[in-house]
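Please read the points below with the structure open beside you, and take them in order. They begin with strands, move on to charged pairs, and end with a part of the surface.

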Amino acid sequence: MVIEVSPADVARTRYAISPLGEAVQALRVAAGVQAAGPLRPWADRIGPRYEELRRAVPAVGALTALFRRGAYNADFIHPPPTGTGDDFAAELAVVRATPLRRVHAELARNLAGLRTPPRYVQRILDGPDVLDRLSDAIEATWHALVEPDWPRLRTVLERDLVRRAGHLAMYGWAAALADLDPRVSWHSAGPSGTIQVRTGPRSQRERYRLGGKGLLLMPTVFGTLISYVEPPWPYALVYPARGVADLLGPPPGAAAPQALGRLVGAHRADVLRALAVPATTTQLVRQLGLSLGTVGGHLAVLREAGLVTGIRTGQAVRYQRTALGDDLAG
């Protein structure tokens with residue numbers, strides 16, 4: 001797939017966080033449709049919660065029966081946010097407002113080529129209340145699997161957005177897309193250029209033009225590369241966020257190399273390692289589960305030692321490691 005980009009599209013490109021999208025993608029990982037990868041500790045931990053969710057809400061089984069890899073998945077289940085996102089209730093309201101005609105059309109397209117689903121799933125998908133039941137399943141998934149960890153999840157997503165937006169503003173598309181996903185590449189053509197997305201054999205023949213409307217970029221902790229190029233949605237790319245391994249903070253017992261922990265203290269070492277991606281004090285609090293005063297105190301010591309530095313961005317101070325901090329953190 002080729003997306004034509006003009007200079008005007010840089011200014012119109014926006015970024016969003018989708019709590020609803022994270023709920024749907026988390027369900028894919030919990031159901032084993034998508035490999036857990038670095039999220040294996042999370043998947044193992046929420047395994048019992050997922051099984052309880054399936055028993056309590058049968059429509060969750062209908063939802064997972066729709067999940068496909070490398071093929072069409074119904075868009076109305078995971079629509080891109082219209083604003084900056086980060087509001088699950090507002091996103092779910094959009095899903096619930098989907099016209100029933102579109103629901104049936106997208107479900108038929110989604111199910112084409114799949115094995116016949118179990119009888120109870122077919123009854124749900126054929127029922128007159130299919131939209132309500134699938135929406136309820138998404139809501140239940142959010143509360144069971146994602147909401148308890150949302151502060152830390154949001155931190156990972158926010159940090160990725162700030163970094164990527166800065167790269168686009170300062171260095172252009174090539175820098176912003178450099179490590180977005182191996183299947184995404186930028187090809188310059190003077191002041192304009194094209195974004196190439198390799199999503200399958202047929203995608204190479206598809207060509208789209210942003211036309212000054214910009215691109216919506218959405219990082220995901222749980223998901224993989226997803227593209228939106230069909231009406232009524234804006235042109236959008238969902239991509240894996242950096243720092244996913246830091247989702248729940250350093251693993252117990254392996255928070256930092258022993259020597260580093262003995263040198264600067266275990267919690268200080270955790271802070272230093274967590275700054276592999278720049279972060280604010282609040283983001284570090286969410287990620288590491290420490291108090292604001294504790295993190296602030298550790299940052300002050302690390303800063304005095306020349307291991308981290310702070311850069312003010314608006315009203316926030318974002319901390320990052322110095323070259324010496326990088327060496328010590330390994």
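1. Two strands are said to pair if DSSP finds at least two bridges between them. With that cut-off in hand, strands β1 and β5 count as a pair, because they run in the parallel sense over 3 bridges. Please keep in mind throughout that this is a predicted model.

2. The wider setting of this pair is an open sheet of 4 strands, in the order β3-β4-β1-β5, and the pairing in the sheet is mixed. Which strands stand at the edges? They are β3 (184-189) and β5 (207-209), and since each has a single partner strand, one side of each is left without a neighbour in the sheet. From one strand to the next, the twist averages 20 degrees.

3. Strand β1 (residues 2-5) also pairs with strand β4 (residues 192-197), here in the antiparallel sense and over 4 bridges. Two of the positions can be followed residue by residue: valine 2 has glutamine 196 of β4 as its bridge partner, while isoleucine 3 stands opposite isoleucine 195 in β4.

4. Are the faces of β1 covered or uncovered? Both are covered, with Val2 and Glu4 buried on one side and Ile3 and Val5 buried on the other. Glutamate 4 deserves a second look, as this residue stands opposite arginine 209 in β5.

5. Before the individual charged pairs, a general remark may help: side chains of opposite charge can pair when their charged atoms come close. In the whole structure, a search finds 16 salt bridges. One of them joins arginine 209 to glutamate 4, with the closest N and O atoms 2.9 Å apart. This pair links distant parts of the chain, since arginine 209 belongs to strand β5 and glutamate 4 to strand β1, 205 residues apart. Arginine 209 itself counts as exposed, because its relative accessibility is 58%, whereas glutamate 4 is buried.

6. A further salt bridge brings together the side chains of arginine 45 and aspartate 149, at 2.9 Å from N to O. Arginine 45 sits in helix α3 (residues 40-56) and aspartate 149 in the loop between α8 (130-146) and α9 (150-171), so that distant parts of the chain, 104 residues apart, are linked. What is the relative accessibility of aspartate 149? The value is 10%, and aspartate 149 therefore counts as buried, while arginine 45, with a relative accessible area of 37%, is partly exposed.

7. Arginine 96 and aspartate 136 form another salt bridge, in which the closest N and O atoms are 2.7 Å apart. Because arginine 96 lies in helix α5 (residues 88-96) and aspartate 136 in helix α8, the pair ties together parts that are 40 residues apart in sequence. Arginine 96 counts as partly exposed at 30% relative accessibility, and aspartate 136 is likewise partly exposed, at 38%. Elsewhere, Asp160, Arg163, Arg164, Asp179 and Arg242 are joined into one network by salt bridges that share partners.

8. The last point concerns the surface, where Leu263, Leu324 and Leu328 form a nonpolar patch whose accessible area comes to about 270 Å² together. Leucine 328, one of these residues, lies in helix α15 (residues 323-329). Its relative accessibility is 32%, and leucine 328 therefore counts as partly exposed.

Note on methods: Residues are numbered from 1 along each chain as its sequence is written. This is a predicted model: local features need pLDDT of at least 70, side-chain atom pairs count only at pLDDT 80 or more; totals for chains, interfaces and linings use all residues. Side-chain values use heavy atoms; hydrogens and water are left out. Patches are made of residues with over 30% relative accessible area and no salt bridge: like charges are joined within 9 Å, nonpolar side chains (Val, Leu, Ile, Met, Phe, Trp, Tyr) within 5 Å. Accessible areas come from the Shrake-Rupley method with a 1.4 Å probe; for residues, only the protein chains shown count as cover. A salt bridge is a side-chain nitrogen of Lys or Arg within 4 Å of a carboxyl oxygen of Asp or Glu. Buried means under 20% relative accessible area, exposed over 50%, partly exposed in between (1.4 Å probe, protein chains only). Axes are lines fitted to C-alpha atoms, for helices over the stretch in contact, and angles run from 0 to 180 degrees between N-to-C directions.
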